[in-house]
Amino acid sequence: MTALDAPRADTAAVVTAVPSSSRGVRRPAMAAAAVVLLVLMWELVKVTVPTDGVSVAGVRVLPRTDDGALPHVWAVFTVLGEPEVNVAGSRSVGAAILASGTFTFGLAVCGFVLGTVVGLALAVAMARFVWVERAVLPYVIVSQTVPLIALAPLIAGWGGRIAVAGYAWQPWMSVAVIASYLAFFPVAVGMLRGLRSPTPAALELMHCYAAGWWTTLVRVRVPSSIPHLIPSLRLAAAASVVGAVVAEISTGTTGGIGRQIIVFAQQATGDSARLYAAVLGAAVLGIIVTALVSALEYSLGRYAGRLPSTRGRQR
């Protein structure tokens with residue numbers, strides 16, 4: 001028996017997808033504590049590690065900690081109010097990161113939606129037909145071993161040759177496709193495992209009702225898959241942001257946070273605070289997209305509760 005075939009102990013366990021009030025308070029508190037711990041570790045390294053780093057036998061084992069390589073945390077936030085360029089009336093660094101982050105946010109959401117649709121379709125097809133799983137699943141797994149930085153120029157090149165009804169392929173479309181490439185995998189694998197999670201008693205009950213495969217899918221398999229799908233969607237959301245940022249850097253797409261990171265990296269000769277501010281903006285963007293996915297947990301949890309009762313029918 002494989003991990004995908006492992007049944008759950010009780011179909012009522014899907015109700016755990018609905019967050020309790022204590023869990024709703026605990027998660028933000030743990031997230032805030034993690035941020036505080038990261039800041040403390042950052043400043044601890046800044047204080048304890050020598051400015052030139054630590055080298056052993058001529059090999060650097062710890063990086064430099066001077067302001068050009070590792071600025072203080074407050075310096076990263078202070079630079080957000082500085083002008084982006086030394087020109088009167090120019091926007092601030094924070095405004096530039098916000099604008100580029102908004103652009104990347106739209107591309108990441110497009111990639112997430114596209115990847116989710118593809119992943120769900122593949123999971124349903126693999127759950128319905130064994131031959132589809134045997135033919136597709138190995139390639140789905142192998143696809144994640146292809147370096148994204150090598151795949152991005154290929155997708156951009158292929159997309160540049162596409163024109164439908166007079167509409168040419170736009171560079172942002174390549175970024176969305178690359179983001180979906182990372183997003184579809186966790187959705188496909190998680191949903192496939194969830195579709196196979198109902199107990200035999202629940203499936204026997206639907207068989208006694210003379211329900212077809214589609215009815216069983218909607219009434220039993222999909223509700224049972226919610227506890228597996230929700231973590232997969234979170235991973236897909238984070239992966240879509242990573243894919244969008246890397247794709248912007250690899251394809252040279254302007255306007256996004258990925259391109260902004262490159263620009264600030266070129267300006268980080270004497271002060272890397274701007275570079276870290278852009279990286280911080282990308283991290284916040286990932287948190288926002290993941291939080292939006294978590295907002296679906298309540299509604300999906302309510303749907304997961306609509307399972308046929310099997311009490312008194314189990315052998």
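This short talk walks through the helix packing in the structure shown above, and then turns to two individual residues.

Let me say at the outset that we are looking at a predicted model, so everything that I describe has been computed from its coordinates. The protein chain contains eleven helices and four strands, and of its 315 residues, 37% are buried. If we take the contacts between residues at least 6 apart in sequence, 74% of them join residues that are at least 24 apart.

I will begin with helix 3, which covers residues 93-128, and its crossing with helix 8, residues 213-251. The axes of helix 3 and helix 8 come within 8 Å and cross at roughly 145 degrees, and the crossing is right-handed. On the helix 3 side the contact involves Phe103, Thr104, Leu107, Ala108, Phe112, Thr116, Leu120, Val124, Ala127 and Arg128, and these meet a set of helix 8 residues that includes Trp213, Leu217, Leu229, Leu233, Ala236, Ala237 and Glu248. Sorted by class, the residues of this contact are 16 nonpolar, three polar and two charged.

Staying with helix 3 for a moment, I would like to point out Gly115, which lies in that helix. Is Gly115 buried or exposed? With a relative accessibility of 1%, which is under the 20% cut-off, Gly115 counts as buried. Leaving aside residues up to four places away in sequence, Gly115 touches Ser180, Ala183 and Phe184. Its C-alpha is also 9.5 Å from that of Ala237, although Gly115 and Ala237 are 122 residues apart in sequence.

Phe184 brings us to helix 6, residues 171-195, whose axis comes within 10 Å of the axis of helix 4, residues 130-143, with a crossing angle of roughly 135 degrees. Helix 4 and helix 6 are therefore oblique to each other, and their crossing is left-handed. Here Glu133, Leu137, Val140, Ile141 and Ser143 of helix 4 meet Tyr181, Phe184, Phe185 and Leu192 of helix 6, a contact made up of seven nonpolar residues, one polar and one charged.

The next pair is helix 9, residues 257-266, and helix 10, whose axes come within 8 Å and cross at roughly 165 degrees. That angle is over 145 degrees, so helix 9 and helix 10 are roughly antiparallel to each other, and this crossing, too, is left-handed. Helix 9 contributes Ile257, Ile261, Phe264 and Ala265, while helix 10 contributes Arg274, Leu275, Ala278, Val279, Ala282 and Leu285; nine of the contact residues are nonpolar, none is polar and one is charged.

Helix 10 itself runs over residues 273-294, and its 22 residues reach 31 Å from the first C-alpha to the last, close to the 32 Å expected. Among its buried residues are Arg274, Ala278, Ala282 and Leu285, and these four also appear in the contact with helix 9.

I will finish with a backbone detail. Where is Ala210 placed? Ala210 sits in the loop between helix 7, residues 200-208, and helix 8, and with a relative accessible area of 68% it is exposed. Most residues other than glycine have a negative phi. Ala210, however, has a positive phi of about 60 degrees although it is not a glycine, and that is where I will stop.

Key. Residues are numbered from 1 along each chain as its sequence is written. This is a predicted model: local features need pLDDT of at least 70, side-chain atom pairs count only at pLDDT 80 or more; totals for chains, interfaces and linings use all residues. Side-chain values use heavy atoms; hydrogens and water are left out. Axes are lines fitted to C-alpha atoms, for helices over the stretch in contact, and angles run from 0 to 180 degrees between N-to-C directions. Helices (H or I, at least four residues) and strands (E, at least two) are DSSP runs, numbered from the N terminus. Angles under 35 degrees count as roughly parallel, over 145 as roughly antiparallel, 65 to 115 as roughly perpendicular and the rest as oblique. A crossing is left-handed if the near helix is turned anticlockwise from the far one by less than a right angle, and right-handed if clockwise. Contact means heavy atoms within 4.5 Å. Ala, Val, Leu, Ile, Met, Phe, Trp, Tyr, Cys and Pro count as nonpolar, Asp, Glu, Lys and Arg as charged, and the others, Gly among them, as polar. The expected span of a helix is 1.5 Å times one less than its number of residues. Buried means under 20% relative accessible area, exposed over 50%, partly exposed in between (1.4 Å probe, protein chains only).
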